[in-house]
Amino acid sequence: HAASYAMIAYQTAYMKANFPVEFMAAVMTAESEDADKIAAAIEECKRLLIVVLPPDINKSFVDFTMEGLKALSAQDLERSLSGELETKVKQGIRFGLSAVKNVGVLAIESILKARQENGPFTSLMDVCGRVDTRLVNRKTLESLIKAGALDSFGKRSSQLLILDQCLGESHKKSRSQAAGQGMLFDDDAAFDITLPEVDEMPLEQLLVFEKDLLGFYLHEPPYLAKLQQIGDYVTCNIADLSDEYIGQKLTLGGVISEVKRVLTKKTGAEMAFVKLSDGVGDIECVVFPQTFASSKDFLIKDEVILLWGRIDKREENLSLVVDNTAPFEPDSARRVDRDDTVLNGVLITVPKGAGVDILQRINRTLRQFPGNEKVTLLLPNGSNELRRMILPFSINPDEALEGEIKNILGEGAFRRG
């Protein structure tokens, strides 16, 4: 039994080492229904310098597939989910349409059949006129537009505005053909509806679409910039909490990953259990009715907040009993002077897409400032969490070092304990 597992481990390791693009495409296809695993696979592709391309109605198939990079335009590569990678790999991985919510296999087969018979689509109107709209219905097309699969045809906002009109014209044409009443001089050409000149939707809204339809953000989540700044406004990081802090009043901060609303048995008032993550660790926060009544408008998923309360222990797990909470706004929030006993050392956040060369630069830079402070790297692990790596040497975290690290990684990457 053990020998069989060892053989499988050897075979998969060999495939990954020698055929990395093929291997990762197969992994992403196998895990296409698990958003967290797809996100982790995309991060692994970044580490392997493999370009992952977004869904495209003219280039995607049912599953994740390999695609040559040589024929792609600079605009195509700019839209890659892997960020800007200097890669020698000649093939990338194209996102499969089956990973988009509300897009079924029968609908995809209709799209692929129309594409195979008459070539690439040229517009939303062309799509509506050529696919079987009984299979590729309004919900499917709306999902494809919102997920960015039709971005080559124009702005998502413009296409959503004319979607109903396009489908109406397509249905009218189908009924006419079924009745044998084709339009005079009808040459089966696609009908023409002009895209309206409107502004694209805000990036925040496009990111919401990505999260709803794919289960994760294709690009950086909208809360990441705030989350990277929150370290200077909290008493300690969530991952540094231990039993010694039970009963203490602390300020914690992070992004809300889950909200569970319940009614109290005694009065029927509404309260909530909020799961809070600072990118490294997470903790359950108990928000009783009085506090919840004044804060429920912003206690929503993906909101970055500050909480003030007391550390408690429930069923072997630490929790925060919340006294007060507020949305985190760096311009107005008050910085916290941390007690050295709570957290010491330096935290350096490494952004997604950072390659081996960046890590080597960080290592060389840190070693130029020897001292007595421990240093920890926070590395992306494929989801919205970060993996902690404590380095085996100490540093002197003076302003010169902070400036060097910020030059390499950007603002918010260097945090003192």
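Tutor: Two strands pair if DSSP finds at least two bridges between them. Helices (H or I, at least four residues) and strands (E, at least two) are DSSP runs, numbered from the N terminus. The model is predicted: local features need pLDDT of at least 70, side-chain atom pairs pLDDT 80 or more, and totals for chains, interfaces and linings use all residues. Residues count from 1 along each chain as its sequence is written, and side-chain values use heavy atoms, without hydrogens or water.

Student: Which residue in β7 stands opposite Lys-249?

Tutor: β4 spans residues 249–263 and β7 spans 304–314. They pair in the antiparallel sense over seven bridges. Lys-249 faces a β7 partner, Arg-310.

Student: Which residue of β8 stands opposite Lys-313?

Tutor: β7 also runs antiparallel to β8 (residues 317–327), joined by 10 bridges. Opposite Lys-313 in β8 stands Leu-318.

Student: Which residue takes a positive phi in the hairpin of β7 and β8?

Tutor: Two residues lie between the strands of this hairpin. The positive phi, near 50°, belongs to Glu-315.

Student: Which strands stand at the edges, each with a single partner strand?

Tutor: The open sheet of three strands has mixed pairing and the order β1-β3-β2. One side of each edge strand is left without a neighbour in the sheet, because each has a single partner: these are β1 (52–53) and β2 (65–68).

Student: Which residue in β3 stands opposite Leu-53?

Tutor: β1 and β3 (residues 91–94) run parallel, joined by two bridges. Across from Leu-53 in β3 is Arg-94.

Student: What angle does the direction of α2 make with that of β3?

Tutor: Helix α2 (residues 20–30) packs on the sheet and touches β1, β2 and β3. Contact means heavy atoms within 4.5 Å. Axes are lines fitted to C-alpha atoms, for helices over the stretch in contact, with angles from 0 to 180 degrees between N-to-C directions. For α2 and β3, the angle is about 5°.
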